[in-house]
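This report covers strand pairing, one strand residue and the main pocket. Please keep the sequence and the model in view while reading.

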Amino acid sequence: RELTILFTDLAGFSTFSERLGPVELTALLNDYLSEMTDIILEEGGTFDKYEGDAIIAFWNAPLEQPDHAVRACRAALRCQRRLAGLREAYLQRSGAALRMRVGLNTGEAVVGNMGSRKRFNYTILGDAANLASRLEGANKAFGTETMVSGSTWRLVSAEFCGRKLADLRVVGRKTAVEVYELAGFATDAAPAGWESFAAGLALFRQGAFAEARTVFERLPDDPASRSYAARCEGLAARAPAPWDGVWGLTEK
């Protein structure tokens, strides 16, 4: 079945969890997971599982949802905005500003009951799910919070505000995928500097690293631009040959 798959994770969870006792940590985590799961279910998502502070969910199964990609992206944005509204309260409880990374991908996967003959879960399996997980982690390289694959973006671009981040090669995959940052709904204004970022990205893909770095350094408040500026500095000193314009990750 074609699914849109969502993976989330709290940034720096292991660090701030050390500051809390097990009872306090459990209460905080249960509150956070309840808030996020309620939104996912309201958007028609199928909850898969929790893995610590991580959430896995998907759309378009068991019932068909023609707008599954839109529902998933809307859930991701709503979750991010709800967490932003709760951040101060969570800061008082944990001593850390909770931020969530989200990865979204649309593709074919096996969905159904999996496990042993005596114990099983209704879950998903396949490369599409693996990629969604990798995109969640790939946010770390760009300083972003919500990353979607090109296959998802092509289904939702009319409904949302976003920008292309990279042609990205994640760990464990040979082929690169287009990835986009999901920033808001179509009615929201694009953040300042996005046109300049697109110009810098075009130069980066051409291998004009010095020129691209100059463009990115004009956007110091944009985490993705700062990441690209540092990347360009390294590539200018040792440019790969041939250059294919792909950002290759070396860690999950």
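## Terms and basis

Two strands pair if DSSP finds at least two bridges between them. Strands (E, at least two residues) and helices (H or I, at least four) are DSSP runs, numbered from the N terminus.

The model is predicted: local features need pLDDT of at least 70, side-chain atom pairs count only at pLDDT 80 or more, and totals for chains, interfaces and linings use all residues. Residues are numbered from 1 along each chain as its sequence is written, and side-chain values use heavy atoms, with hydrogens and water left out.

## Strand β1 and its partners

Strand β1 covers residues 2–10, and 8 of its 9 residues are buried (under 20% relative accessible area; exposed is over 50%, partly exposed in between; 1.4 Å probe, protein chains only). The strand is therefore largely enclosed by the rest of the structure.

β1 pairs with two strands in the antiparallel sense: β4 (residues 100–108) over 9 bridges, and β3 (residues 54–59) over 5 bridges. Asp9 stands opposite Arg101 in β4, while Leu6 has Ala57 in β3 as its bridge partner.

## The β5–β6 hairpin

Strands β5 (residues 110–115) and β6 (residues 120–125) run antiparallel and are joined by 6 bridges. The hairpin between β5 and β6 passes through 4 residues. Val110 stands opposite Leu125 in β6.

## Asp48

Is Asp48 buried or exposed? Asp48, in strand β2 (residues 46–51), has a relative accessible area of 11% and is buried. Its side chain makes a polar contact with the side chain of Lys49 at 2.9 Å. A polar contact is a pair of N or O atoms within 3.5 Å; within protein, one must be able to donate a hydrogen and the other to accept it, and residues adjacent in sequence count only if both atoms are side-chain atoms.

Beyond its neighbours within four places in sequence, Asp48 is in contact (heavy atoms within 4.5 Å) with Ile56, Ala57, Phe58, Tyr122, Thr123 and Ile124.

## The largest pocket

A pocket is an open set of points on a 1 Å grid over the protein atoms alone, where a 1.4 Å probe fits, with protein on both sides within 12 Å along at least five of seven lines; lining residues have an atom within 4 Å of a point. The largest pocket has a volume (space filled by probe spheres set on the points) of about 160 Å³.

Its lining includes Arg163, Glu181, Trp194, Asp221 and Asp222. β9 (177–185) and α8 (223–237) are the elements that give two or more residues to this lining.
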